[in-house]
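Biologist: Please take a close look at the nonpolar core of this model. I should like the overall fold first and then the residues themselves.

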Amino acid sequence: MPRFLTMIRVDETNTTEEGLSPECTERMGVLLEEITKAGVMLDTAALTPSAEGTRVTWSGGRISHTDGPFTEAKEVVGGYSIIQAENKAEAVKWARRFLEVHDEHLTVTAEVREIAEG
């Protein structure tokens with residue numbers, strides 16, 4: 001069965017220091033329990049803010065490092081999940097459900113990509 005990586009992209013300028021509302025956290029917990037019991041969820045986690053990250057780039061035969069925050073990026077990867085689904089359509093369905101539990105004032109994007117096996 002194929003595996004899919006879902007990268008959750010967030011606009012860090014549109015988030016609060018407190019994080020998600022208690023209601024959103026509760027809805028997310030219910031969904032994560034459902035997807036785990038269904039045997040679909042393999043791994044998931046939120047990521048620390050981009051201000052705590054470092055980009056390592058290989059260009060022109062040289063390595064460079066850039067510490068966050070990354071001002072040129074409007075959206076950053078704020079979390080991920082790895083799921084096992086029958087096909088891309090099912091993976092997208094789970095991503096949609098994940099987005100729908102978020103508070104309406106947030107802008108959250110899910111990029112779903114199949115993991116190349118072998």
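Which pattern does the chain follow when read along the sequence, and which residues of the largest nonpolar core touch the most other members?

Modeller: The model is predicted, and local features require pLDDT of at least 70, side-chain atom pairs pLDDT 80 or more, whereas totals for chains, interfaces and linings use all residues. Residues are numbered from 1 along each chain as its sequence is written, and side-chain values use heavy atoms, without hydrogens or water.

Along the sequence the pattern is β-α-β-β-β-β-α-β, with two helices and six strands (DSSP runs numbered from the N terminus: helices H or I of at least four residues, strands E of at least two). The C-alpha trace spans about 45 × 40 × 20 Å along its principal axes. Of the 118 residues, 29% are buried (under 20% relative accessible area, with a 1.4 Å probe and protein chains only; exposed is over 50%, partly exposed in between).

The largest nonpolar core (buried Ala, Val, Leu, Ile, Met, Phe, Trp, Tyr and Cys joined through side-chain atoms within 4.5 Å) holds 20 residues, of which Phe4, Ile35, Ile83, Ala91 and Trp94 touch the most other members. Strands E1 (3–11), E5 (75–84) and E6 (108–114), with helices H1 (22–37) and H2 (88–100), each supply at least two residues of this core.

Isoleucine 83 deserves a closer view. Leaving aside residues up to four places away in sequence, Ile83 touches Pro2, Arg3, Phe4, Ile35, Val40, Met41, Leu42, Ala91 and Trp94 (contact means heavy atoms within 4.5 Å). Across the chain, 77% of the contacts with a separation of 6 or more join residues 24 or more positions apart.
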